[in-house]
Amino acid sequence: MVLHVPVLEYHRFLPSAAEVRAKHGYDVTPTEFDAQLTALQQAGWHTITASALAHDLQAGTPPPPHTFVITIDDGYSDGYTDALPVLQRHGMVATYFIIGGRIGDHPRPDAVSLDARQIQALAKAGMEIGNHTEHHVHLGQLSARVQRREIRAASSRITAITGVRPVTMAYPFGSYNADTPAAAARAGIQLAFDSHHAAGETWAARYSVPRLRVGPGVTGSQLVAMLTAAAA
Ligand SMILES: [Zn+2]
């Protein structure tokens with residue numbers, strides 16, 4: 001059974017459009033995010049978490065039409081300070097993919113990672129905390145043993161903070177190889193996302209689920225059209 005539940009891939013939420021454009025080209029402003037979710041909500045779209053999608057896939061139960069998933073990669077604190085209030089205003093949930101070794105890290109003034117307290121607050125607010133490896137590595141270039149270590153270490157840290165073992169993950173850089181599904185499964189991961197730009201999920205291909213990346217300047221109506229096409 002193929003489900004067509006669009007999965008959106010977000011990264012950072014930066015305050016100004018100029019700053020967003022100056023970065024990687026896949027960040028948005030909180031204002032853009034709010035406009036996107038407003039348009040989706042008005043068009044009848046609602047969210048489930050990635051783990052709920054895994055459950056539906058395994059059970060063979062398609063969720064209602066106009067269901068989509070929001071994922072937020074890399075665990076920056078703006079996911080808490082800027083994205084969470086927007087999500088809550090729209091009654092929506094997201095799955096946050098956290099890098100274990102960067103929790104509470106302050107590498108640069110403009111790049112602060114979520115700390116344990118913020119991750120707990122996200123989980124308490126109904127958000128899912130997923131795995132994005134311990135060191136944000138290219139899994140596809142590593143041995144099976146090191147891959148298992150990367151995935152397990154991040155899951156252990158997240159479990160210690162939230163009390164819930166992650167069942168979903170996103171591969172950093174979309175990188176994985178033939179050993180990755182087994183390494184993920186051994187750590188308790190049921191569903192994993194790559195960075196292939198498409199929509200459509202099967203249980204058989206649950207360790208390489210595609211996503212739709214949302215970049216700067218995407219308007220609400222453009223995103224509604226994108227999801228409508230992806231879910232068809
Ligand atoms: Zn990443």
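Reader: Which residues have the most contacts inside the largest nonpolar core?

Author: This is a predicted model, and its largest nonpolar core has 62 residues. Helix 4 gives the largest share of this core, 5 residues. The residues with the most contacts inside the core are Val-69 and Ala-192.

Reader: Which residues is Ala-192 in contact with, leaving aside its neighbours within four places in sequence?

Author: Ala-192 falls within strand 7, which covers residues 191-197. Once the neighbours within four places in sequence are set aside, the contacts of Ala-192 are Thr-168, Met-169, Ala-170, Tyr-171, Ala-184, Tyr-207, Ser-208 and Val-209.

Reader: And what about strand 7 and strand 8, do they pair in the parallel or the antiparallel sense?

Author: Two of the residues facing each other are His-197 and Arg-211, the latter in strand 8. Strand 7 and strand 8 share 2 bridges, and the sense of the pairing is parallel.

Reader: Which residue in strand 8 is the bridge partner of Glu-9?

Author: Strand 1 (residues 7-10) is joined to strand 8 (residues 209-213) by 2 bridges, and these strands run parallel. Glu-9 belongs to strand 1, and its bridge partner in strand 8 is Arg-213.

Reader: Moving to strand 4, which of its residues are buried on each side?

Author: In a regular strand, side chains alternate between the two faces of the sheet. Strand 4 (residues 95-98) has both faces covered. One side holds Thr-95 and Phe-97, and the other, also buried, holds Tyr-96 and Ile-98.

Reader: What is the bridge partner of Thr-71 in strand 4?

Author: Strand 3 (residues 67-73) runs parallel to strand 4, and 3 bridges join them. Thr-71 sits in strand 3, and its partner in strand 4 is Thr-95.

Reader: Is Asn-131 buried or exposed?

Author: Asn-131 is found in strand 5 (residues 128-131). A residue needs 20 or more other C-beta atoms within 10 Å to count as buried. Asn-131 has 31 of them within 10 Å, so it is buried.

Reader: How far apart in space are Asn-131 and Gly-75?

Author: Away from its neighbours within four places in sequence, Asn-131 has contacts that include Phe-97, Ile-151 and Ile-189. Gly-75 and Asn-131 are 56 residues apart in sequence. From C-alpha to C-alpha, the distance between Asn-131 and Gly-75 is 9.9 Å.

Reader: Do the buried residues of helix 2 line one face or opposite faces?

Author: The buried ones are Glu-32, Phe-33, Gln-36, Leu-37 and Leu-40. Looking down the axis of helix 2, they fall within an arc of 130 degrees, so they line one face.

Reader: Which helices do those buried residues of helix 2 pack against?

Author: Helix 2 has 13 residues (30-42), and at 1.5 Å a residue it should span 18 Å, which agrees with end C-alpha atoms that are 18 Å apart. Next along comes Gly-44, with a positive phi near 90 degrees. The buried residues of helix 2 pack against helix 4 (78-89) and helix 8 (220-231).

Reader: Zooming out, what is the radius of gyration of the chain?

Author: The chain has 8 helices and 8 strands. For 232 residues the globule rule gives 17 Å, and the chain comes close to that, so it is as compact as a globular protein of that length. Its radius of gyration is 16 Å.

Reader: What percentage of the residues in the chain is buried?

Author: The C-alpha atoms fill a box of roughly 45 × 45 × 30 Å along the principal axes. Among contacts with a separation of 6 or more, 66% join residues 24 or more positions apart. Of the 232 residues in the chain, the buried ones make up 45%.

Notes
Residues are numbered from 1 along each chain as its sequence is written. This is a predicted model: local features need pLDDT of at least 70, side-chain atom pairs count only at pLDDT 80 or more; totals for chains, interfaces and linings use all residues. Helices (H or I, at least four residues) and strands (E, at least two) are DSSP runs, numbered from the N terminus. The expected span of a helix is 1.5 Å times one less than its number of residues. A residue is buried if 20 or more other C-beta atoms lie within 10 Å of its own, exposed if 12 or fewer, and partly exposed in between; C-beta atoms are placed from the backbone. The arc is that of the directions from the helix axis to the C-beta atoms. Two residues are in contact if their C-beta atoms, placed from the backbone, lie within 7 Å. Two strands pair if DSSP finds at least two bridges between them. A nonpolar core is a set of buried Ala, Val, Leu, Ile, Met, Phe, Trp, Tyr and Cys residues joined through C-beta atoms within 7 Å. The radius of gyration is taken over C-alpha atoms; the globule rule is 2.2 Å times the number of residues to the power 0.38.
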